[in-house]
Amino acid sequence: METKANYVLIGAFTLLAGIALLAFGLWAAKYSSDRTWQEYQVVFTEAVTGLSVGSPVQYNGIAVGSITELTLAPDDPRKVVAKLRLNSTTPVKTDTRAKMAITSLTGPSIIQLSGGSPQAAALTAVSKEPVPTIAAAPSALQNITDVANRVVERMDELLSDENVRKITTTLAHLETISGGLADRDEGTQALLVEARDAARNLNVTLGSANGAIKNLDENVLRELPATMDKLDTSLAKLDSAAGNADAILGENRAAINSFANDGLAQLGPTLTELRGLIRDLRRVSDRLENNPARYLLGRDAPKEFEPK
């Protein structure tokens with residue numbers, strides 16, 4: 001009985017030791033895996049057609065990981081959440097951007113990472129989320145799709161029923177006008193001939209005007225030096241006359257000041273006396289005109305004898 005009990009203890013110990021070794025191996029493998037890979041996520045606001053679980057992730061053209069999960073955002077089904085598993089040594093920065101790309105015209109879609117300046121901080125050191133989120137950028141395919149959609153919308157507006165009807169009406173009017181011009185071909189030809197003759201006459205008139213203007217410019221330029229000389233001479237004479245006048249005023253400044261002070265003061269009484277003299281002369285003139293004999297002889301003029 002004791003021998004059998006020993007065998008059971010040894011077997012149990014061996015089994016427990018094997019289980020412990022297996023658990024330690026699994027833990028070590030998981031720890032090594034966690035140390036080797038880093039999880040991120042990207043939230044796309046566009047369709048991710050062509051992407052699938054296992055699609056590669058590249059950073060500036062170098063494979064750094066793969067997609068582990070693709071799901072719709074629970075709060076907004078227009079968004080797609082792609083979970084990535086990247087090499088832990090991948091320098092994902094706060095300004096790193098993710099976008100969809102294709103490796104070739106017929107190749108599968110991938111996620112391309114770009115950006116990441118040296119001075120930016122690591123995303124894992126800044127983000128407080130359990131799984132850091134890499135900002136998404138619009139892909140070239142999305143830009144092409146948006147532009148194509150806008151072009152189609154504009155074409156649809158341009159080719160609306162109303163615009164098509166207006167274009168049809170315009171073409172009908174053009175056809176009517178062209179038909180009327182064809183019917184009045186002779187009148188149109190005459191009008192074109194008259195227009196050509198008018199243009200020729202206008203060219204001749206413009207040529208004559210240009211010649212007259214040219215001759216006028218030549219005459220003005222030819223006479224301009226002599227005119228400028230005369231103007232300089234006149235200005236010199238004016239300058240000399242102004243200098244002489246200034247000199248005369250300077251030499252006679254004392255006399256002018258004396259006249260202004262004394263002569264003008266005496267001018268008032270003189271004018272008063274002159275005014276009285278003129279009044280007396282006017283009185284004498286009136287008396288001479290009325291009765292010259294009485295004024296000159298001191299008596300009335302003799303009366304003429306008139307016989308009865």
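Here are some short exercises with worked solutions on the predicted model above.

Before you start: this is a predicted model, so local features need pLDDT of at least 70, side-chain atom pairs count only at pLDDT 80 or more, and totals for chains, interfaces and linings use all residues. Residues are numbered from 1 along each chain as its sequence is written, and side-chain values use heavy atoms, with hydrogens and water left out.

**Exercise 1. Get your bearings**

Work out how many helices and strands the chain has, and in what order they run.

Step 1: Count the elements. There are 7 helices and 7 strands. Helices (H or I, at least four residues) and strands (E, at least two) are DSSP runs, numbered from the N terminus.

Step 2: Walk along from the N terminus. The order is α-β-β-β-β-β-β-α-β-α-α-α-α-α.

Step 3: Check burial. Of the 308 residues in the chain, 14% are buried; buried means under 20% relative accessible area, exposed over 50%, and partly exposed in between (1.4 Å probe, protein chains only).

Step 4: Look at the contacts, meaning heavy atoms within 4.5 Å. Among contacts with a separation of 6 or more, 60% are between residues 24 or more positions apart.

**Exercise 2. Find the core**

Say which residues have the most contacts inside the largest nonpolar core, and which strands feed it.

Step 1: Pin down the term. A nonpolar core is a set of buried Ala, Val, Leu, Ile, Met, Phe, Trp, Tyr and Cys residues joined through side-chain atoms within 4.5 Å.

Step 2: Name the residues. The largest core has 20 of them, and Phe-44, Val-57, Leu-84, Leu-86, Ile-111, Leu-113 and Ile-134 have the most contacts inside it.

Step 3: Trace the strands. At least two core residues come from each of strand 1 (37-44), strand 2 (56-59), strand 3 (62-73), strand 4 (76-87), strand 5 (96-102) and strand 6 (109-115). Strand 4 gives the largest share, 4 residues.

Step 4: Zoom in on Phe-44. Leaving out residues up to four places away in sequence, Phe-44 touches Arg-78, Lys-79, Val-80, Ala-82, Ala-98, Lys-99, Met-100, Ile-111 and Ala-136.

A bit of background: in soluble globular proteins, nonpolar side chains tend to be buried together.

**Exercise 3. Pair up the strands**

Find out which strands pair with strand 4 and with strand 7, and in which sense, parallel or antiparallel.

Step 1: Set the rule. Two strands pair if DSSP finds at least two bridges between them.

Step 2: Start with strand 4. Strand 1 pairs with strand 4 in the antiparallel sense over 8 bridges, with Val-43 opposite Val-81. Strand 3 and strand 4 are also antiparallel, over 8 bridges; here Leu-70 has Ala-82 as its bridge partner. Strands 3 and 4 form a hairpin with 2 residues between them.

Step 3: Move to strand 7 (residues 133-136). Strand 1 runs parallel to strand 7, joined by 2 bridges, and Val-42 stands opposite Ile-134. Strand 5 is parallel to strand 7 too, again with 2 bridges, and Arg-97 sits opposite Ala-135.

**Exercise 4. Hunt for salt bridges**

Track down the salt bridges in the whole structure and say how accessible each partner is.

Step 1: Apply the cut-off. A salt bridge is a side-chain nitrogen of Lys or Arg within 4 Å of a carboxyl oxygen of Asp or Glu. The search turns up 2.

Step 2: Take Glu-69 and Lys-83, whose closest N and O atoms are 3.8 Å apart. Glu-69 lies in strand 3 and Lys-83 in strand 4, so the pair ties together parts that are 14 residues apart in sequence. Glu-69 is partly exposed at 31% relative accessibility, and Lys-83 is partly exposed at 29%.

Step 3: Take Asp-76 and Arg-78, which meet at 3.1 Å, N to O. Asp-76 counts as buried at 14% relative accessibility, whereas Arg-78 is exposed at 67%.

**Exercise 5. Place a polar residue**

Decide whether Gln-41 is buried or exposed, and list what Gln-41 touches.

Step 1: Locate Gln-41: strand 1.

Step 2: Check the relative accessible area. At 17%, Gln-41 is buried.

Step 3: List the contacts. Beyond residues up to four places away in sequence, Gln-41 touches Val-81, Ala-82, Lys-83, Glu-129, Val-131, Pro-132, Thr-133 and Ile-134.
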